[in-house]
Amino acid sequence: ATKNHVGEMILVSGTSGTGKSTLIHKGLGDPAANRGYIFASGKFEDKFHRPLSAFSDAMTCLAKCIIVEHNKIGELSSGEPSIST
């Protein structure tokens with residue numbers, strides 16, 4: 001049987017300091033990690049005037065997770081990391 005891998009994106013908005021990040025990390029991040037999924041998140045910081053900062057942060061997080069997983073697999077098969085950060 002083949003598996004269909006589908007990516008999903010959830011956007012959350014609201015006033016600062018209301019616990020959105022904690023809610024998302026505890027409600028989605030921990031359960032996703034326990035099931036072997038990669039959970040990437042980013043936070044928009046309005047004070048830096050970077051409109052895509054949350055997306056950029058999430059993609060950086062995703063890339064780091066992929067590198068870590070790739071290195072784990074590389075270390076298991078060859079004994080040496082194959083990608084460095």
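## Exercises on a predicted model

L11 is found in the segment that precedes helix 1 (20–34). The structure is a predicted model, and the exercises below concern its surface, its largest pocket and its salt bridge.

**Exercise 1.** Determine whether L11 is buried or exposed, and state which residues make a nonpolar surface patch of about 600 Å².

*Solution.*
- Step 1. The relative accessibility of L11 is 73%.
- Step 2. A residue counts as exposed when its relative accessible area is over 50%; L11 is therefore exposed.
- Step 3. The patch of about 600 Å² is made by M9, L11, L52, F55 and M59.

**Exercise 2.** Describe the largest pocket: how much space lies in it, which elements give two or more residues to its lining, and how do the lining residues divide by character?

*Solution.*
- Step 1. The space in the largest pocket amounts to about 1,600 Å³.
- Step 2. Helix 1 and helix 2 (53–78) are the elements that give two or more residues to the lining of this pocket.
- Step 3. Helix 1 supplies the largest share of that lining, with eight residues.
- Step 4. In total 37 residues line the pocket, and those nearest its centre are M9, I10, F39, A40 and S41.
- Step 5. By character, the lining comprises 19 nonpolar, 14 polar and four charged residues.

**Exercise 3.** Locate F39, one of the residues nearest the centre of the largest pocket, and classify its accessibility.

*Solution.*
- Step 1. F39 belongs to the loop between helix 1 and helix 2.
- Step 2. The class "partly exposed" lies between the limits of 20% and 50% relative accessible area. F39 has a relative accessibility of 24%, so this residue counts as partly exposed.
- Step 3. A separation of 8.9 Å is found between the C-alpha atoms of F39 and A58, which are 19 residues apart along the chain.

**Exercise 4.** Identify the partner of D30 in a salt bridge, and establish how the two residues are placed in helix 1 and how accessible each is.

*Solution.*
- Step 1. The cut-off for a salt bridge is a nitrogen-to-oxygen distance within 4 Å. The closest N and O atoms of D30 and K26 are 3.8 Å apart, and the two residues form a salt bridge.
- Step 2. The count of salt bridges comes to one.
- Step 3. Both D30 and K26 lie in helix 1, with four residues, or about one turn of the helix, between their positions.
- Step 4. D30 counts as partly exposed because its relative accessibility is 37%, whereas K26, at 58%, counts as exposed.

How values were computed:
Residues are numbered from 1 along each chain as its sequence is written. This is a predicted model: local features need pLDDT of at least 70, side-chain atom pairs count only at pLDDT 80 or more; totals for chains, interfaces and linings use all residues. Side-chain values use heavy atoms; hydrogens and water are left out. Patches are made of residues with over 30% relative accessible area and no salt bridge: like charges are joined within 9 Å, nonpolar side chains (Val, Leu, Ile, Met, Phe, Trp, Tyr) within 5 Å. Accessible areas come from the Shrake-Rupley method with a 1.4 Å probe; for residues, only the protein chains shown count as cover. A salt bridge is a side-chain nitrogen of Lys or Arg within 4 Å of a carboxyl oxygen of Asp or Glu. Buried means under 20% relative accessible area, exposed over 50%, partly exposed in between (1.4 Å probe, protein chains only). On a 1 Å grid over the protein atoms alone, a cavity is a set of points where a 1.4 Å probe fits but cannot get out, and a pocket is an open set with protein on both sides within 12 Å along at least five of seven lines; lining residues have an atom within 4 Å of a point. Grid points are joined across faces, edges and corners, and a volume is the space filled by probe spheres set on the points. Ala, Val, Leu, Ile, Met, Phe, Trp, Tyr, Cys and Pro count as nonpolar, Asp, Glu, Lys and Arg as charged, and the others, Gly among them, as polar.
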